[in-house]
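Colleague: Please take a close look at one part of this structure and describe how it is placed and what surrounds it. From there, carry the description on to the other parts that deserve a careful reading.

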Amino acid sequence: MKKKDGYILDSTYPIFFYKELTPLWLNSVINFLGFKTPNISENFLYLELACATGINLIVNAINNPNGHFVGVDFNQKHIEIAKQNANEIGLKNIEFICCDFATFFEKNKRKFDFIANHGTFSWVSPDVQKNILNIVSSSLKNFGIFYLHYMCYPASATLLPIQKLFNIVDSSIDEPSSKSVEISKNLFDDLNNAGAFVDNPKIDSIIKTLNQSSDYLAHEFLTDFWNPLYSVDVHKMVYENTKTTFLGSANIVENMDSISIPSKLQEIIKNTKAPDLKEYLKDLARNSKQRVDIFQKNPQIFSNNEHIEVINKLKFTLLPNAPKKGGITFNTLIGDIEAPKEVISPMLESLTKKDMSFKELLEFDSFKNNPLFLIETIFLMMNANYLQIISSIEQNISEDFISKFDEIMKKNGVNLKIYSKCCTAINSL
């Protein structure tokens, strides 16, 4: 069978790791936003819907031995690979289930602290979307976190005619998905060389997208239900079906307009009172292509003193690829943001010598009496993979599991290594 419910089955999704799916990252972002989170230093349950070959869950299971991780995917090959890798490592706090979401919804009796869905929601039918939300509604604990990734407008609109091209080619031939992608790419090249896209201002970006692997493009373009969404519609759909509240973005910089919205548009958005309109204006201002939204069931807000106490205790470490001194230019969606040497270098030099808490970082002259400026700087550094928050459970993580995971990634030609200090994985140097 090549497709089920309009989605391909004959191609394996490539290995991608997303730091935004880790419990520590999600909790840290939510804490910065001012909300309480599940206690991940105690036992917790985590569910990923559409887990593919399980890379994100395996990283999380290694780094969070007190958590139990469940992955669901209807692609039998995905689940076989995920189980094989988990067994090879020796993980006992993880399980993979091969079934569709409707079946899982009917059979599951457990409640989860975290439910994540990445790379699926805007690629599947409305019925499958409803099944995802049904699972969240019935299986997310009170106070639990729901992470949802999806394509959105306006920027995804540029790919609509390209996706349609690939989908029609695929429907017209009897070939495996990977072969169908290659035929579609060749047709696109012929059309482009003949001038079909001469007036398309985003053609360079489209060509860059099409340079990715055939397996990735098969999952991206060959679905029968490729459908970018408006964030305001998604938020309404999620709330009506799950009664979870939108908190913010797992893309941490998007939680501060000052570092994610062009300056000339910030005032317009600031003066907009209607929440739905404000959120849509942010998508227009950022020319958003994808969103990684965080929702919570019955969120609890910190008091001002509680919030200050929690943020002050957060401890940060420089990641291996971070600059050790001097100024930094952050490449963002709104252009380059400069952090001058005199502002950022003292912080970098000190972090090179030791890990530091938020409270300690506030003592630098650049940030003293200006915590908002420090938060902006931290968000930019975290987004650039220069800085991360330190885990409190690193000492409990198995070195044997880490070594076996790194070997599997090396065998697969993937530059990814466990970084247990921050309960994550990073590209190896």
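Modeller: In this predicted model, the buried residues of helix H2 (55–63) are Ile55, Asn56, Leu57, Ile58, Val59, Asn60, Ala61, Ile62 and Asn63. H2 is thus mostly covered, with nine of its nine residues buried. The loop that leads from strand E3 (44–49) to H2 contains Ala50, which has a positive phi of about 70° although it is not a glycine. Most residues other than glycine have a negative phi. Ala50 counts as buried because its relative accessible area is 16%, under the 20% cut-off.

H2 also takes part in the lining of a cavity. The structure holds two cavities of 30 Å³ or more, and the largest has a volume of about 60 Å³. Helix H2, helix H3 (76–89) and helix H17 (399–411) each supply at least two residues of the lining of this largest cavity. Among the lining residues are Ile55 and Ile58, both of them buried residues of H2. The rest of the lining of the largest cavity is made up of Ile15, Thr53, Ile81, Asn85, Ile89, Phe405, Ile408 and Met409. By class, eight residues of this lining are nonpolar and two are polar, and none is charged.

The second largest cavity contains about 30 Å³ of space. Its lining consists of Thr22, Leu24, Trp25, Ser28, Met382, Gln388, Ile389 and Cys422. Helix H1 (23–33) and strand E14 (387–389) each provide at least two of these residues, and H1 gives the largest share, three residues. Five residues of the lining of the second largest cavity are nonpolar, three are polar and none is charged. Ala384 belongs to the loop between helix H16 (371–383) and E14. Ala384 counts as partly exposed because its relative accessibility is 28%, which lies between the limits of 20% and 50%. A distance of 39 Å separates the C-alpha atom of Ala384 from that of Ala194, 190 residues away along the chain.

Helix H10 (residues 231–242) can be followed through its length, its buried face and its surroundings. H10 has twelve residues, so at 1.5 Å a residue it should span 16 Å, and its end C-alpha atoms are indeed 16 Å apart. The buried residues of H10 are Ser231, Val232, Val234, His235, Val238 and Thr242. Seen down the axis of H10, these buried residues fall within an arc of 160°, so they line one face of the helix. In an α-helix there are 3.6 residues a turn, so residues three or four places apart point the same way. The cover over the buried residues of H10 includes helix H5 (126–139), strand E7 (140–151), strand E8 (244–249), helix H12 (275–286) and strand E9 (290–297).

Met237, also in H10, is partly exposed because its relative accessible area is 23%, above the 20% limit for a buried residue. With its neighbours within four places in sequence left aside, Met237 is in contact with Phe121, Gln129 and Leu133. Met237 and Lys130 are 107 residues apart in sequence, yet their C-alpha atoms are 9.1 Å apart in space. After H10 comes Lys243, whose phi is positive, near 60°.

Two of the elements that cover H10, H12 and E9, are joined by a loop that contains Asn287. Asn287 has a positive phi of about 50° although it is not a glycine. Its relative accessible area is 37%, so Asn287 counts as partly exposed. Another element of that cover, E7, is connected to helix H6 (160–172) by a loop in which Pro154 is found. The peptide bond from Tyr153 to Pro154 is cis, with omega near 10°. Most peptide bonds are trans.

Ser214 has its place in helix H9 (residues 214–221). Ser214 counts as buried because its relative accessibility is 17%, under the 20% limit. Leaving aside its neighbours within four places in sequence, Ser214 is in contact with Ser178, Val181 and Glu182.

Methods:
Residues are numbered from 1 along each chain as its sequence is written. This is a predicted model: local features need pLDDT of at least 70, side-chain atom pairs count only at pLDDT 80 or more; totals for chains, interfaces and linings use all residues. Side-chain values use heavy atoms; hydrogens and water are left out. Helices (H or I, at least four residues) and strands (E, at least two) are DSSP runs, numbered from the N terminus. The expected span of a helix is 1.5 Å times one less than its number of residues. Buried means under 20% relative accessible area, exposed over 50%, partly exposed in between (1.4 Å probe, protein chains only). The arc is that of the directions from the helix axis to the C-beta atoms. Contact means heavy atoms within 4.5 Å. On a 1 Å grid over the protein atoms alone, a cavity is a set of points where a 1.4 Å probe fits but cannot get out, and a pocket is an open set with protein on both sides within 12 Å along at least five of seven lines; lining residues have an atom within 4 Å of a point. Grid points are joined across faces, edges and corners, and a volume is the space filled by probe spheres set on the points. Ala, Val, Leu, Ile, Met, Phe, Trp, Tyr, Cys and Pro count as nonpolar, Asp, Glu, Lys and Arg as charged, and the others, Gly among them, as polar.
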